[in-house]
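Biologist: I'm new to reading models like this one. Could you pick a single part and take me through it slowly, after a quick look at the whole?

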Amino acid sequence: MNLPKFMRAVDTELESMSEQELKSCLRELARTLPENDRTHFLSIIDNRSGIVKRDSDEEKLLKKKVEDIISVLEEIGEGERCLASEYNEEWDDWYNSDDDEVFFSDPEKIVPDFITAIRLIHECVDTESYTEGYKLAKVLSSISIFADGDWDDYCGDPLGIKDLYEHELIVGPFDKLVAESLYLTYMAKESRARASEIYTMMGNFDCNDLRLEDVMQIGNHSLPEFNTFLSDWITLIGAHNDWRTKRLLKEAVSMIQDEYQALNVARTHAVTHPELFKQILEIGESDADPIKLFRIGTEALDKIPDNLTIRGEIALLTANYAGRINTLPGVELCWLEAFRSDSSVVNYLRIRFLTRVWKDYAKQVEDIIESEYAKTLSRSKSVDTYNREYILNENALYKNDYCTLLFWEKKFDEVFNLGLCEKQRLGWSGTFMKQGLAMFMLILYESEKYQSGLQSMARLAVSGCKLNADDYYKGTCDLEHKDSYSLFMELFTNLKMELDVSEDDKIKWLDKIGKIIEKRVVAIMEAERRNYYGECASFIAAFGEVIESRGQKEAKQSLMMSYKAKYPRRRSFIQALKNYGFRA
């Protein structure tokens, strides 16, 4: 529960309590306080207003102190006094990369001036000297601190006050300084100027983890005109689209009291901040009105660009609400939209095997697969790929997942031509080769119970398909959950039941697979890659089990014996074969 909601709940309870009930509540709260909070609690009771009393002379003195320290800081900002710096001669980017590469020292004693300024910030909060405090906070947030010595060669950029904390020249909570500075800014500025001033200062401090709630807990009073500020704040940060503002916007929307207002914010920012719709749907999971939330979800799917993966997450949340109101066509359409926006294997498998009539969706799914792969190939040539995929989270379908989808689509010739075409027999990491071999051998296996080699292939296939049962069951309401391995075996069995592969194709596949495995083993042995002996043994064992399942007796032992004969001195390799059932 965020602070505004918590305080509203507290106010509601307090209004209904008698004086005696309030005293009892306060006493119970005092009784359960941790020891280190008791002094502060007593000070609150002793000074009910929370204001540190001061006379006019004290006000003048504080104002003078602030003016003096600002003058000192301005001199530092102009480079009249600097830090000193030198390389850390023992630094190594491999062994102690967390250590500072450059050490800083303070021969000209500028750090004590910053400590004085920080103490004055805290004093301004306590005494409600907002104007003076804001002036000092503004200087601290944007000050440039220069360093003589090796820093010039290493980087040369001026430091900020955050760097003094990070290099342990100042010890203490940096976040507290920022929160107090932002609080003073809020209280000192006029209503409509607050949002922009706070956003600018937050950026100047380079404090990315601070929450608005942290600012609200500073000071002696609640923030005045907070609802007006919140509206301005959302409008301001909603115009930006980086990860920092997304976090701030999510927090701000959670503080809106009016559900309709929160929905309007999500509608306004659907293109740049689609996560707001997701936030509304997640918060509403305990809501008693699934019809309302289903409509919100479908509206979100209409408004959000369909190339954003978060739209796929929203589609699955919407599917849950469709299931709660027994709208099965709505559930299936949400599964389709989830795959359209996030063309992952797991989103494919859900719609492939859980829809009532797969052929109703088969052509649309096929078109999505081909379209997304073509767009991803085109986009991979763009210099903006990182921004589009990792900042904007655009949908992407790369070669390995594309080959996996082609396999489940039963386009086996295409899979062989695209996914099992690596000429190099080393360097298979990141390719489809291992997964492809595993899945084809699982298809060709004609017995029911897997032996050790095929069990290894099944595990490899589950990993290659990135099949996570928790993800598969998203948007499926109350389906009984299986673990990922059991789920894969069920789906793969269903696929095999659909197949009608000719004997000629099976023989052709076996010939290709046998040659690939043989060349892989030769390459591993020639390169003496001992850590891959186990992998080679698993492929050999699985291939032998496949041949044996097709009627050739003792095929597995015979194949393993032939490899032992080729490499009789490779004891580790022979042991790996024994681990998969070789009887030497």
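Modeller: Here is a quick tour of the whole chain, followed by a close look at one helix and the loop before it. Keep in mind that this is a predicted model.

Let's start wide. The protein has 31 helices and 3 strands. Its radius of gyration is 33 Å, well over the 25 Å that the globule rule gives for 584 residues, so the protein is more spread out than a compact globule. If you draw a box around the C-alpha atoms along the principal axes, you get roughly 100 × 65 × 50 Å. The domain assignment lists domain 1 (1-32) and domain 2 (412-464 + 497-580), and 69 Å separate the centres of these two, taken over C-alpha atoms.

Now for what is tucked away and what is not. Buried residues make up 45% of the 584. The accessible surface comes to about 30700 Å², and carbon and sulfur atoms account for 49% of that. As for charge, there are 75 positive and 103 negative side chains, with the centres of the two sets 9 Å apart.

Time to zoom in on helix α18, which covers residues 328-341. Which residue of this helix shall we look at? Let's take S341, which sits in α18. Is S341 buried or exposed? Buried: its relative accessible area is 0%, and the cut-off for buried is under 20%. So who is around it? Setting aside its neighbours within four places in sequence, S341 touches D306, N307, L308, T309, R311, G312 and N395. One of these partners, T309, is a residue you can also find in α17 (309-324).

Go back along the chain from α18 and you meet the loop between α17 and α18, where N326 lies. What is the phi of N326? It is near 60 degrees, a positive value in a residue other than glycine. That deserves a second glance, because most residues other than glycine have a negative phi. N326 counts as exposed, at 67% relative accessibility, whereas S341 is buried.

There is another case elsewhere in the chain. K109 has a positive phi of about 55 degrees although it is not a glycine. K109 also lies in a loop, this one between β2 (102-105) and α5 (111-126). K109 is exposed too, with a relative accessible area of 55%.

Finally, back to the whole fold: of the contacts with a separation of 6 or more, 68% are between residues 24 or more positions apart. The contact of S341 with N395 is one example of a pair like that.

Note on methods: Residues numbered from 1 in each chain as written. Predicted model: local features only at pLDDT ≥ 70, side-chain atom pairs only at ≥ 80, totals over all residues. Heavy atoms only, no water. Helix = DSSP H or I, 4+ residues; strand = E, 2+ residues; numbered from the N terminus. Rg over C-alpha atoms; globule rule 2.2 N^0.38 Å. Buried < 20%, exposed > 50% of the residue type's maximum accessible area, 1.4 Å probe, protein only. Contact = heavy atoms within 4.5 Å. Areas by Shrake-Rupley, 256 points an atom, 1.4 Å probe, with all protein chains shown as cover. Lys, Arg positive; Asp, Glu negative; His and termini not counted. Charge placed at Lys NZ, Arg CZ, Asp CG, Glu CD. Domains from an automatic or database assignment.
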